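Please examine the structure shown below. The explanation that follows considers how helices pack together and how domains meet.

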Amino acid sequence: MMFKRLWKKYLAAVMATVALTVSAACGSSVGASDAPVVPADGDVTIRLNWWGGDARIKATEEAVKGFEKEHPNIHVDMEYSDWTGYWDKLAVQSAGGNAPDVMQMDELYLAFYGSMGSLLDLGKTSKYLDLGTMDASLKQMGQVEGKQVAVPMTTAQYGVIVNNDVLDELGLALPDTERWTWDEFSDFAQQVAEKSNGKAIGSIAPNNGYGLQLWARQHGEKLFEGNRITISPETLASFLQLPADWAKNGIEGSAERWSENTAAAMNDSDFGKGRQAMMITQATMITPYAQAAGTDNMTLVPMPQVEPGAKTMYLKPGMYWTISSQSQHPAEAAMLVDYLLNDRSAGEILGTERGIPANNDIRRSLADEATGTDRKALDFVDKIQPTLGDSPAITPNGASELDKTIVRYQQDVVFGKRKALDAAKAMIAELQESIDFAS
Amino acid sequence: MSSFTEFGTLVKNRHRPKDKPKDTKVALGFLAPWLIGAIFLSLIPMLYSLVISFTKYNMIKPPQFVGLMNYRHMLIDPRFLSSLKVTLTYVVISVPLQLVAALALAVLLDRGMRGLAFYRSAFYLPSMLGGSVAVAVLWKMVFGSDGLFNALINLFGASSSMSWIANPDTANWTLIALHVWQFGSPMVIFLAGLRQIPRELYEAASVDGAGKWKQFTAITLPQLSPIIFFNLVMSVINSFQTFTQAYVVSGGTGGPSDSTLFYTLYLYQQGFASLRMGYASALAWIMVLIVAVLTGINFALSKFWVHYDD
């Protein structure tokens, strides 16, 4: 008898605790802070976080020091992590109402955080944060549901980085790259692979959302429109087929070599080791790749196109700064973003490590002083100017895993698990389901 | 969970003459640090995840009740099925291989050879390291295209430059190898079990003319069967929950081509990358169910081959 009653008591206690926790957790929908957008009188501490490597940590810390010197009452706490860990942490922090005041943001995640109301409407901070220093088409890519919630701090342009050491060794000369087609590109890449006898590979096919976006534009299509995937299965299939073809004709060496290269860190990849002739990637990557491969003999040429000269490129935001809607100090946060974006000395310290600065004045003054590979990256914006078109819709909420999804379906095609068109249809269905679920 | 049962017994027996009520209170006091942790860090989050599994929840917006939607979604989710297939393949192949390796070495070491302590430690070492991130990183290098494994093969005249990690047909096998390599802890348990078998049995058998193999199948295996059973159950449960190795070796993707998409890794991706916490919680509870069923099957089959002396 005693025993039965006792257990009832325990059970009731446990149930009550569970009920309490559940209701508490459900109730903790994290609302925006109503902190007024005016600078505080006393000392203020704000938090800044970003993802990235050692070079970025050093540069950002130095730039922030300059900001603290200019605003002695503001102290900035800095947090950083690697790419994967960053998003895990940010999701948990946002859920707990503990998001940093200023966050580095990526285009893939912008729509998610923007539509969740986690990001401050920067219309409220215009007094402290000047967005007039960048191109209007670029600024527009920081908007979600019509509100400016993010500041594009850099742009990223895809180009082809060429390791001339590899070409020189094989006695090959680059064809005319000003207006080259994919056929010309792959013919040349194949020559590299054949002539080097497998020691060096020609290139590897693009395998992320940016590459797919450009592929769609080159085929006269759009990847997304609002919350719909609008690329046709046929165009997507040709994109998924590309690495399979290049594995077969030797441009990528083999299927496994391609697979290993897509997963490798820069220093472990063929291009980083100086065993690959051409790499389709962001222009600013030329400097780190040159360092990894231990050569300055690299050049930057435009992407091959389906129709040479068409306006298929666009100013893609490399990274964004965003301010948390939960921030208790939105004015100070905005001042920090303004400093990192528009201050001349901060621009010099940050350089091109995060991409080409969005602020046009800073970009030009950097280009005037830069040398070597940095200079090539900064000048590249002007080089592709004639092919710049309208900016596309940003990646919708629910498609944040786009990059990984592309690689997964490409692997299915490369290793013969699926036909390209089947893979394309399945991929569109999977992504659309994910977008519909999220919205 | 066994601590929960012990706690239950403790409460249940508190009025038995042997345990004075005061003793129970003291015991509960000593248990308190663990108890508080278990309730607030394990039990309540677990129950909360059951609630969450019936909701749509992205960690930022409040959970929204959706009934059985998450569970129904599994039926049409191809990646759920492929993760199940990858995990079951891994369990079905790596667990028996590991146990056979552990048993074989235990029998060898049981002969009381010289330097036994050294060999025992040497073979046990991988078990201490195997679950760590460092070893998974090492594994990635060993089976890479420039790795040790290819160097080893090439010593024998082959010329392999294939990356075993990057090929979907072999990637899971490298992880199975990693699991088998950690045969040390079941081996130590087998060794302890072998010491319990009365020597007279072997003596009697050899007098009757039984050879080594006959002695092994007729004495060692039946006598050891409860230990084998214990190792089997634990090994199945543990290997079903493999996460770290697959996460590190595939860079968190479960690739190439979802060939190392372990169940727990898929669950993690759904929860923390796709932010479908409701679906991830539902997946977790289905995993609890699957592990329970597998354990149940193990117990049901055990009466056909496990012999207890008493």
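**Helix packing and domain contact**

In this predicted model, helix 4 of chain B and helix 9 of chain B are oblique to each other. The reasoning rests on the angle between them: helix 4, which covers residues 78–109 of chain B, packs against helix 9, residues 184–196 of chain B, at about 45 degrees. Angles under 35 degrees would count as roughly parallel, and those from 65 to 115 as roughly perpendicular, so this pair is classed as oblique. The axes of helix 4 and helix 9 of chain B lie 8 Å apart, and the crossing of these two helices is right-handed.

Which residues make this contact? Helix 4 of chain B contributes B:Gln98, B:Leu99, B:Ala102, B:Leu103, B:Leu105, B:Ala106, B:Val107 and B:Leu109. From helix 9 of chain B come B:Pro186, B:Met187, B:Phe190, B:Leu191 and B:Leu194. Sorted by class, the contact comprises 12 nonpolar residues and 1 polar residue, with no charged residues.

Chain A invites a view at the level of domains. Domain 1 of chain A consists of 44–156 + 318–384, and domain 2 of chain A of 158–315 + 391–438. The centres of the two domains, taken over C-alpha atoms, are separated by 27 Å. Where they meet, 25 residues of domain 1 of chain A are in contact with 23 residues of domain 2 of chain A. On the domain 1 side, at least two residues each are supplied by helix 4 (107–115), helix 5 (136–139), strand 7 (154–156) and helix 15 (372–383) of chain A. The side of domain 1 of chain A that touches domain 2 has 12 nonpolar, 8 polar and 5 charged residues.

Key: Residues are numbered from 1 along each chain as its sequence is written. Chains are lettered from A and ligands numbered from 1 in the order in which they are written. This is a predicted model: local features need pLDDT of at least 70, side-chain atom pairs count only at pLDDT 80 or more; totals for chains, interfaces and linings use all residues. Axes are lines fitted to C-alpha atoms, for helices over the stretch in contact, and angles run from 0 to 180 degrees between N-to-C directions. Helices (H or I, at least four residues) and strands (E, at least two) are DSSP runs, numbered from the N terminus. Angles under 35 degrees count as roughly parallel, over 145 as roughly antiparallel, 65 to 115 as roughly perpendicular and the rest as oblique. A crossing is left-handed if the near helix is turned anticlockwise from the far one by less than a right angle, and right-handed if clockwise. Two residues are in contact if their C-beta atoms, placed from the backbone, lie within 7 Å. Ala, Val, Leu, Ile, Met, Phe, Trp, Tyr, Cys and Pro count as nonpolar, Asp, Glu, Lys and Arg as charged, and the others, Gly among them, as polar. Domain bounds come from an automatic or database domain assignment.
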